[in-house]
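Open the model in your viewer and keep the selection panel handy. We will go from one stop to the next, with a selection to make at each and a short account of what is there.

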Amino acid sequence: MLTLLKNAHVFAPEDLGTKDILIANGVIEAIDDQLDVQGVEVEIIDCEGMRLIPGFIDGHVHITGGGGEGGFHTRTPEMPLSGATRCGVTTICGLCGTDGVTRSQENLLAKAYALENEGLTAYMYVGSYEVPTPTITGSIRSDIMLIDKCIGAGEIAVSDHRSSQPNYDLYRDIVAQVRVGGMLAGKAGIVNFHMGDGERGLEPLRQIANETEIPYTNMLPTHTNRNEHLFNEAVQYVKDGGYIDLTSCVSPELGSKHAVKPSNAIRRLIDEGCDMSHVLMSSDGYGSVPLFDDHGNNIGVGIGDQSSLMTEFRDAVETEGCDFSTALSILTKNVADLFRFKNKGEIAVGKDADFMTINDRFELQKLWAKGRLMVDKGEPIVFGTFQKH
């Protein structure tokens with residue numbers, strides 16, 4: 001059956017005005033001011049009064065759970081299918097963090113396949129905080145080349161007391177392996193770097209960019225809004241040509257008292273004249289959000305919530321006065337472009353039918369993933385295999 005969306009205000013992410021959109025076989029077949037389909041069965045959905053926007057691409061999610069810094073009981077649970085869809089997410093990149101022992105790479109790959117079978121588009125990074133980092137085939141380069149879901153390595157910890165404290169040469173070797181593996185496999189080849197609170201900050205990444213032939217496009221530091229000092233470094237890093245990833249759940253309102261609120265970070269990056277196509281935002285969903293005292297001792301733990309993506313998108317527009325399309329691109333087109341997800345991130349003919357409708361209060365109304373309606377009237381209607389609903 002064809003699906004025809006009528007009278008939607010489309011942000012692709014650029015503002016296209018009011019359009020009709022025709023979906024067939026999970027793909028956008030046509031976009032026009034008025035579409036009329038005759039002679040075939042078609043489901044017509046009136047979207048008048050709604051904004052139609054691309055589904056979010058969440059590039060940093062602990063789909064098999066994360067954490068454990070507070071002991072075994074603080075290991076967070078796996079992400080259920082509706083945990084993503086209820087937050088507007090249609091494409092996901094899973095990874096491991098601190099725990100590279102009980103969170104295996106094989107389990108991560110299996111979970112990515114499971115989410116794909118249940119309706120999302122899912123990828124993975126191989127590795128964890130530690131260096132040398134765990135792999136499936138025995139090498140990072142081989143994992144990227146031989147495993148279709150693997151797009152890079154991460155999250156590799158930098159400037160953090162939980163890292164394995166590797167020297168510069170080891171960081172450089174990981175980026176080199178990922179770059180060549182990506183080239184040979186026709187993938188982006190991204191190293192997702194977890195940025196901690198350490199004084200070294202982004203220096204190892206700047207050194208790689210300045211002392212080798214490897215471009216900035218192969219390195220993506222995340223959590224760059226975790227404190228004021230790191231954020232100021234990140235601003236200059238973007239000005240120098242780098243790419244950064246803000247973390248939506250790292251915010252003073254959510255317990256990270258030293259963090260720069262992501263929506264305010266977006267505003268400040270715009271005001272600094274940064275190339276906003278180099279700015280991404282992810283959730284760190286289902287990872288632990290550990291709280292440490294001044295001596296590095298764990299004093300509490302929370303869990304990353306993907307709903308913070310929509311919250312920070314809304315606040316960037318409504319509170320910080322950012323352009324709607326610019327803020328939306330940070331969650332959609334910018335991610336697709338850097339990660340080379342050619343059918344994602346935009347509402348255009350030939351792209352996957354991954355999009356959602358939101359009202360003027362930025363509340364999710366409907367969500368489609370590859371043309372399948374997953375959320376209706378703000379509530380999930382498709383669930384994971386073993387979810388209770």
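**Stop 1: the largest cavity**

Begin by selecting Pro54, Gly55, Ile57, Thr90, Thr91, Asn343, Lys344, Gly345, Glu346, Asp352 and Asp354, the residues that line the largest cavity. Keep in mind on this tour that the model is predicted. The volume of this largest cavity is about 40 Å³. Colour the lining by class and you will find two nonpolar, five polar and four charged residues. Now colour by domain: at least three of the lining residues come from domain 1 (2-53 + 345-380), and at least three from domain 2 (56-339).

**Stop 2: the two domains**

Zoom out and give each domain its own colour. The domain assignment puts residues 2-53 and 345-380 in domain 1, and residues 56-339 in domain 2. Place a marker at the centre of each, taken over C-alpha atoms, and the markers for domain 1 and domain 2 will be 29 Å apart. How many residues of each domain are in contact with the other? On the domain 1 side there are 23, and they touch 28 residues of domain 2.

**Stop 3: the second largest cavity**

How many cavities of 30 Å³ or more are there? The count is two, and the second largest holds about 30 Å³ of space. To see its lining, select Ile57, Gly59, Leu220, Asp245, Leu280, Met281, Ser282, Val335 and Phe339. Switch on the cartoon as well: strand 6 (56-61), strand 13 (279-282) and helix 10 (333-339) are the elements that each give two or more residues to this lining. Strand 13 supplies the largest share, with three residues. By class, the lining of the second largest cavity is made up of six nonpolar, two polar and one charged residues.

**Stop 4: helix 4 against helix 5**

Next, show helix 4 (residues 168-185) together with helix 5 (residues 203-211). Their axes lie 10 Å apart, and the two helices pack at an angle of about 65°. Which hand does the crossing of helix 4 and helix 5 have? It is right-handed. For the side chains, pick Tyr168, Tyr171, Arg172 and Val175 in helix 4, which meet Pro204, Gln207, Ile208 and Glu211 in helix 5. The residues of this contact split into five nonpolar, one polar and two charged.

**Stop 5: helix 6 against helix 7**

Move on to helix 6 (residues 228-239) and helix 7 (residues 262-271), whose axes come within 11 Å and cross at roughly 35°. The crossing of helix 6 and helix 7 is right-handed. On helix 6, select Glu228, Phe231, Asn232 and Val235; their partners in helix 7 are Ala265, Arg268 and Leu269. Sorted by class, the contact of helix 6 with helix 7 has four nonpolar, one polar and two charged residues.

**Stop 6: backbone details**

For the last stop, hide the side chains and look at the backbone. Most residues other than glycine have a negative phi, and most peptide bonds are trans. Here are some places to check against that background.

- Select Val131 and Pro132: the peptide bond between them is cis, with omega about -5°. Pro132 sits in the loop between strand 8 (121-126) and helix 3 (140-146).
- Select Gly154 and Glu155: a cis peptide bond joins this pair too, with omega about -10°. Glu155 belongs to strand 9 (residues 150-158).
- Select Asn25: although this residue is not a glycine, its phi is positive, at about 55°. To find Asn25, follow the loop between strand 2 (15-24) and strand 3 (27-32).

Notes. Residues numbered from 1 in each chain as written. Predicted model: local features only at pLDDT ≥ 70, side-chain atom pairs only at ≥ 80, totals over all residues. Heavy atoms only, no water. Axes fitted to C-alpha atoms, helices over the stretch in contact; angles between N-to-C directions. Helix = DSSP H or I, 4+ residues; strand = E, 2+ residues; numbered from the N terminus. Left-handed = near helix turned anticlockwise from the far one by under 90°. Contact = heavy atoms within 4.5 Å. Nonpolar A, V, L, I, M, F, W, Y, C, P; charged D, E, K, R; others polar. 1 Å grid on protein atoms, 1.4 Å probe; cavity = no way out; pocket = protein on both sides within 12 Å on 5 of 7 lines; lining within 4 Å. Points joined across faces, edges and corners; volume = space filled by probe spheres on them. Domains from an automatic or database assignment.
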